[in-house]
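Here is a quick tour of one protein structure. Keep the sequence and the 3D view open as you read.

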Amino acid sequence: MIAIPHKAKQFLVFTTKVLIVTGAFYFIYQQLANNDQLDWQKFITLFQKNRSVGGILFILSFSIANRFLEILKWQNLVLHLQKISLSEATAQVLGALTAGIFTPNGLGEYAGKALFFEKASRKKIVFLNLICNGVQMILTIVFGIFGLLYFNANFHIITTKSVAILFGLLVIVILTFFSLKKITIKGYSIEKLIQKINQIPKLIHQKNIILGLCRYLIFSHQYYFLFLAFDVDLPYFILMSAITSIYFLASSLPTFQFLDFAVKGSVAVYFFGLLGVNEWIVVFISTLMWFLNVVLPVLIGSYYVLNFKIKKTS
C-alpha cells in the first residue's frame with residue numbers, strides 16, 4: 001500500500017473541505033436565484049404587510065429547536081460508545097449535514113459523522129447513525145399513515161378498497177420481514193441487526209424515541225405556523241394531516257438535501273391544491289422550510305467542515 005506524504009495528505013484534506021463548502025454555497029445560491037416558481041415580489045409584499053420581529057423569532061426558534069434536538073439525539077446515542085460534549089455533538093451533526101448535502105437522502109452524513117471518530121469505531125458510528133435516522137423515519141411513517149387516512153376520509157383521494165389493499169400489502173411486507181430474519185447474506189441478517197439494536201441500553205433507546213418525537217412535532221408545526229403566517233385559514237387537523245402526509249410521501253422518494261424543498265414542494269402543491277391554497281404560497285413555504293432547516297445549519301456546518309481534523313487511525 002502506497003503511503004501518502006503528510007504534506008500531501010494535509011493539502012488533499014484542505015482541498016476536499018474547500019470543495020465541500022464551495023459546492024454547498026453554489027448549490028444553495030443556484031436553487032434560490034434560479035427557481036422560476038419563487039415570486040420574490042409577492043413574498044416581499046406579504047412580508048412587509050405582516051412583518052413582525054416577534055413572529056420571525058418565533059418561526060426561527062422552531063429551526064433552532066429542531067437542530068438542537070437532533071444534536072441531543074446524537075449525543076445520547078454516542079453515549080453507548082463514549083461520552084461527547086454538546087459542542088462535539090454539534091460539530092459532528094452540522095459538519096456531517098454539510099458534507100451530506102450532495103448525496104442521495106443524506107447518505108454522506110454517515111461517512112461525515114464517522115470521520116470524527118477513530119477508525120476502529122467508525123462502523124459502530126455508522127450503525128448508530130442508522131438508528132438515529134431510523135427512529136425519525138418510523139415516526140414519519142406512523143404519523144404519515146394516520147395523516148393520509150384522515151386526509152383521505154375527508155377528500156376521498158383513493159377508495160376504501162384501495163386502502164384495504166395497501167394495508168394488506170403492508171402486513172405481508174412486515175410478516176415477510178420477520179419470517180426472513182434468520183437468513184444470512186455475507187454474514188449479515190435481520191436477526192443479527194435486532195441483536196445489535198438490543199445491545200444498546202433501553203434508556204438510550206427511550207430517550208432517542210422521545211427526542212425524535214419532539215423533533216417531529218417541532219418541524220411539522222413550524223410548517224403549520226408558516227401557513228398561518230401566509231394567511232392560510234384551514235382547520236388544524238386538515239392542515240396537519242396534509243403536512244404529515246407530505247413528509248411521509250416525500251421521505252419515501254430518493255432525493256438530495258439541496259433539492260429537498262423541490263421534492264416536498266411538488267408533493268405539497270398537490271395536497272394543498274386540493275385545499276385551495278395558492279401554488280406560489282405552497283412553494284414559498286416549502287422553500288422557507290428548506291432554508292431554515294437545511295441552508296442555515298449548512299452555513300454553520302461549513303465552519304466545522306473547514307476546521308475539521310481527521311482522527312488518527314488506531
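A nonpolar patch of about 800 Å² lies on the surface. This is a predicted model. The points below cover the patch, three helix pairs and the salt bridges.

**Nonpolar surface patch**
- The patch is made by F155, I157, I158, I165, L166, L169, I172, Y270 and L274.
- Two helices, α7 (160-179) and α11 (260-274), each supply at least two of its residues.
- Which helix gives the most to the patch? It is α7, with four residues.
- L166, one of the patch residues, is found in α7.

**Helix α10 and its partner α6**
- Helix α6 covers residues 122-155, and helix α10 covers residues 236-251.
- Their axes come within 7 Å and cross at roughly 130 degrees.
- An angle of 115 degrees is the upper limit for roughly perpendicular, and an angle over 145 counts as roughly antiparallel. The α6 and α10 helices are therefore oblique to each other.
- The crossing of α6 and α10 is left-handed.
- On the α6 side, the residues in contact include M137, F143, G144, G147 and F151.
- On the α10 side, they include F237, A242, S245, F248 and S251.
- F155 of α6 also meets α10, and F155 belongs to the nonpolar patch as well.

**Helix α10 and its partner α9**
- Helix α9 covers residues 202-229.
- The axes of α9 and α10 come within 10 Å and cross at roughly 120 degrees.
- This pair is therefore oblique too.
- The crossing of α9 and α10 is right-handed.
- From α9, Y216, F219, S220, H221, Y223, Y224 and F227 take part in the contact.
- They meet Y236, L239, M240, I243, T244 and Y247 in α10.
- T244 and Y247 of α10 meet α9, and T244 and Y247 are also among the α10 residues that meet α6.

**Helices α4 and α12**
- Helix α4 (residues 86-99) packs with helix α12 (residues 279-306) at an angle of about 110 degrees.
- That makes α4 roughly perpendicular to α12.
- The axes of α4 and α12 are 7 Å apart.
- T90, A91, L94, G95, L97 and T98 are the α4 residues in this contact.
- Their partners in α12 include V294, P297, G301 and Y304.

**Salt bridges**
- How many salt bridges are counted? The count comes to two.
- One salt bridge joins E70 and K73.
- The closest N and O atoms of E70 and K73 are 3.8 Å apart.
- E70 and K73 are three residues apart in helix α3 (residues 53-78), so about one helical turn separates them.

Key. Residues numbered from 1 in each chain as written. Predicted model: local features only at pLDDT ≥ 70, side-chain atom pairs only at ≥ 80, totals over all residues. Heavy atoms only, no water. Patch = residues over 30% accessible without salt bridge, like charges linked within 9 Å, V, L, I, M, F, W, Y side chains within 5 Å. Areas by Shrake-Rupley, 256 points an atom, 1.4 Å probe, with all protein chains shown as cover. Salt bridge = Lys/Arg side-chain N within 4 Å of Asp/Glu carboxyl O. Axes fitted to C-alpha atoms, helices over the stretch in contact; angles between N-to-C directions. Parallel < 35°, antiparallel > 145°, perpendicular 65-115°, else oblique. Left-handed = near helix turned anticlockwise from the far one by under 90°. Contact = heavy atoms within 4.5 Å.
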